[in-house]
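Please open the model in your viewer and keep the sequence beside it. The tour below moves from one selection to the next and says what is found at each stop.

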Amino acid sequence: MKNIAVYPGTFDPVTNGHIDIIERGLQIFDEVIVAVAVSTDKQTLFPVEERIEMINSATEGLKNLRVESFDGLLIDFVKDVQAKAIIRGLRAVSDFEYEFQMAVTNRKLLKEVDTIFLMSTVKYSYLSSSIVKEVAKYGGDIEGMVPALVSKKLKEIYGTNKGGE
């Protein structure tokens, strides 16, 4: 049986920090499924299909990786795909409290699944999708923050000529 992990999030948009966590997860697990949340409390800039497209583009060539959407409880998706772990990235201590609560809740709902925390690589420790959108909105340079397709799409939305190309 494959050792499968799920890396969930809104990925609105995917950043180079997310890609780093995906690549590192693939070094640990036989397969990683990036689970893109359909409904969230967050107002998303990109529809789920576009978020999946951007992740697929940024991870082209990576083996043992699937990108799928999910709606509802993460733990139900994890059970459906027969994953053994949930991957979560931590950028700073401020992420820990929320992530700890979610990990304990998920463990209570499905005791066979553990949450694995991967610390962000230092060069991405400041990076979030929200920061990327804010910088892009005001025409700031997002080079090195996001994959090329994401940069292109943000420029189209915000009508900026600066950024990661």
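Helices here are DSSP runs of H or I with at least four residues, numbered from the N terminus. The model is a predicted one, and the stops that follow should be read with that in mind.

Begin by selecting R24 and D20, which both lie in helix α1, four residues apart, or about one turn of the helix. Their side chains form a salt bridge in which the closest N and O atoms are 2.9 Å apart. R24 is partly exposed, its relative accessible area being 23%, whereas D20 is buried, at 14%. Now show the whole of α1, where the buried residues are N16, G17, H18, I19, D20, I21, I22, G25 and L26. At the start of this helix, a side-chain oxygen of T15 comes to within 3.2 Å of the backbone nitrogen of G17. The 13 residues of α1 should span 18 Å at 1.5 Å a residue, and the end C-alpha atoms, 19 Å apart, agree with this.

Next select I55 in helix α2, which counts as buried because its relative accessibility is 0%. Which residues does I55 touch, not counting those up to four places away in sequence? They are F11, V14, V34, V36 and V67. A C-alpha to C-alpha distance of 9.2 Å separates I55 from H18, although the two are 37 residues apart in sequence.

From there, move to V36, which, leaving aside its neighbours within four places in sequence, is in contact with G9, T10, F11, V48, R51, I52, I55, V67, E68, S69 and F70. V36 also belongs to the largest nonpolar core, which has 31 residues and in which V34, V36 and I87 touch the most other members. Elements giving two or more residues to this core include the strands β1 (4-9), β2 (31-37), β3 (65-70) and β4 (85-90), as well as the helices α1 (16-28) and α2 (48-58). Apart from it lies another core, of 15 residues, with A37, I75, V78 and A83 among them.

Now select R66 and E31, whose salt bridge has its closest N and O atoms 3.3 Å apart. This pair links distant parts of the chain, with R66 in strand β3 and E31 in strand β2, 35 residues apart. R66 counts as partly exposed at 32% relative accessibility, while E31 is buried, with a relative accessible area of 7%. Add E68, which meets R66 in a further salt bridge (3.2 Å, N to O). Salt bridges that share partners join K2, E31, R66 and E68 into one network, and a search of the whole structure finds 11 salt bridges.

For the next stop, choose R88 in strand β4, whose side chain makes a polar contact of 2.7 Å with the side chain of E99. Not counting residues up to four places away in sequence, R88 touches P8, G9, E99, T115, I116, F117 and L118.

Finish with the aromatic rings, which give a count of four aromatic pairs. F70 and F77 form a tilted pair, 5.6 Å centre to centre with 35° between the planes, and both residues are buried. The rings of F96 and F117 have their centres 6.2 Å apart and their planes at 55°, so this pair is tilted. It links distant parts of the chain, with F96 in helix α4 (residues 93-109) and F117 in strand β5 (residues 114-119), 21 residues apart. Selecting F100 as well completes the view, as F96, F100 and F117 form one aromatic cluster.

Definitions and conventions
Residues are numbered from 1 along each chain as its sequence is written. This is a predicted model: local features need pLDDT of at least 70, side-chain atom pairs count only at pLDDT 80 or more; totals for chains, interfaces and linings use all residues. Side-chain values use heavy atoms; hydrogens and water are left out. Rings of Phe, Tyr and Trp (its six-membered ring) pair if their centres lie within 6.5 Å; planes under 30 degrees apart count as stacked, over 60 as edge-to-face and the rest as tilted. Buried means under 20% relative accessible area, exposed over 50%, partly exposed in between (1.4 Å probe, protein chains only). A nonpolar core is a set of buried Ala, Val, Leu, Ile, Met, Phe, Trp, Tyr and Cys residues joined through side-chain atoms within 4.5 Å. Contact means heavy atoms within 4.5 Å. A polar contact is a pair of N or O atoms within 3.5 Å; within protein, one must be able to donate a hydrogen and the other to accept it, and residues adjacent in sequence count only if both atoms are side-chain atoms. The expected span of a helix is 1.5 Å times one less than its number of residues. A salt bridge is a side-chain nitrogen of Lys or Arg within 4 Å of a carboxyl oxygen of Asp or Glu.
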